[in-house]
Amino acid sequence: GSSLALGWSSMFDNYRTLFSIKGAIRFSIAGFVARMHLSMDRLALLLIVVHETGSYALAGLMVATASIVITFAQPFWSRYADRNGQSRALYLNTIFRLIGFSIFILLVHYKYPIWSWFVAIIFAELNTISAGGLVRRRWILVLPHEKLKTTAYSFEALVDEVVFVFGPLIATALSTYVAPEAGLMASMCFVALGQPALARLKDTEPPFGAKNLSNADVSIWRRRSTQAIILPIFFVGAYFGSVGITVLAFLNSIERQELTGALLAVWALGSATAAIFNGVIKWQMNHAQLFTYSLAFMLFASFALLMVDNVWQLAIVLYLNGIGISPVLVNAYATMESEVSTEELTEAMTWVTTGTPTGGALGSAVAGQIIDSFGASRGFWIPIAALIIANLALLPYLKVWLRLRSRS
């Protein structure tokens, strides 16, 4: 028994070292609060639009619009943070975001035309900053040695999954039992608390204003070495977006809509489990190899969605599906980092983050159309199709992946 305990203790030494770094826990906790909204906004939007209009197609289109806007917003704010500092970017972003969502909630509450909802949501989501990217940039700054990088990324992946366990539960409970807008209002509270808290932590804020940033020969999204990571992640995002709306539709079809948040939390719990162990296992493979294998695992696990008949089966299948998520994202971050300069790190991290809502736009829009036309059960084909394409998206960049996988 004591030898087993010693083994577990040794296994988690990396995490203990992380937690002992001065200021690290403070910026990680602030980042946790700042990104709670990421797990709430789109689900809260789905619930509001379905409640007000009864249309999954319209709900999917609303979420798709928000996701596309995020695609442009997050890299912009990341570049702004690299050039002007994280604190300034976070304060400005918080003010504009709260104004945008306040307008959206008022328009919905007073039943203004639906086109005005879209205008408001576009303005609100133009002010989306990648708190996760900012936090990961701080980890790179404070880590005492390279060996802890995987542990730090895995810990932040775990934080992401804790966000996606509790966020959907809070959004669903508030939107279902309090008011349709209550989920979004709670999301705004997390932004108002978390982003300024992160901005105030000046001791771990990365240096900014590097002169060579604007002189980069080719932007990150135009390089083949980074496209090779961004494109598969885009379709992983389509998988995320389609699962969310399909789970909601399936539960609605069996009159169990109130369980939407709980089921999405189980999905995130699978990813959290994988994140914990990914941070302590000494892999004999490099990040590029782990990325491609994890992506293949996600595809094979997704086929079980076609066999779901009830809530318990869906919970088990979502948990198994979740196990592949954090290894894919952790290794995408690590592989991306190896392909860019230090001055581009925040933006590079954000392109990984941005790929998921962008693809989510496509996934939720297509799934919404399929569900409205053919029923909830047919919607499960969309996340499977998204992961098939994500794996196929490796092929146009085969030479890049062969180079990345061959690294020692």
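This dialogue looks at cavities and salt bridges in a predicted model.

Reader: How many cavities of 30 Å³ or more does the structure hold?

Author: Three. The largest has a volume of about 750 Å³.

Reader: Which residues are closest to the centre of the largest cavity?

Author: They are Leu-38, Ser-39, Arg-42, Phe-164 and Phe-240, out of 36 lining residues. Helix 16 gives the largest share of the lining, six residues. By class, the lining has 18 nonpolar, 13 polar and five charged residues.

Reader: What lines the second largest cavity?

Author: This cavity holds about 50 Å³ of space. Its lining is His-37, Leu-38, Asp-41, Arg-42, Ile-70, Arg-97 and Glu-125. Four of these residues are charged, two are nonpolar and one is polar.

Reader: Why can charged side chains pair?

Author: Side chains of opposite charge can pair when their charged atoms come close. Here the count is ten salt bridges. Take Arg-97 and Glu-125: their salt bridge is 3.2 Å, N to O. Arg-97 sits in helix 6 and Glu-125 in helix 7, 28 residues apart.

Reader: Are Arg-97 and Glu-125 buried or exposed?

Author: Both are buried. Now try Glu-339 and Arg-403, which meet in a salt bridge of 3.0 Å, N to O. Glu-339 lies in the loop between helix 15 and helix 16, and Arg-403 in helix 18. Buried means under 20% relative accessible area. Glu-339 has 14% relative accessibility, so it counts as buried. Arg-403 is partly exposed, at 37%.

Reader: Which residues are linked in a network of salt bridges?

Author: Arg-35, Arg-136, Glu-156 and Asp-160.

Technical notes
Residues are numbered from 1 along each chain as its sequence is written. This is a predicted model: local features need pLDDT of at least 70, side-chain atom pairs count only at pLDDT 80 or more; totals for chains, interfaces and linings use all residues. Side-chain values use heavy atoms; hydrogens and water are left out. On a 1 Å grid over the protein atoms alone, a cavity is a set of points where a 1.4 Å probe fits but cannot get out, and a pocket is an open set with protein on both sides within 12 Å along at least five of seven lines; lining residues have an atom within 4 Å of a point. Grid points are joined across faces, edges and corners, and a volume is the space filled by probe spheres set on the points. Helices (H or I, at least four residues) and strands (E, at least two) are DSSP runs, numbered from the N terminus. Ala, Val, Leu, Ile, Met, Phe, Trp, Tyr, Cys and Pro count as nonpolar, Asp, Glu, Lys and Arg as charged, and the others, Gly among them, as polar. A salt bridge is a side-chain nitrogen of Lys or Arg within 4 Å of a carboxyl oxygen of Asp or Glu. Buried means under 20% relative accessible area, exposed over 50%, partly exposed in between (1.4 Å probe, protein chains only).
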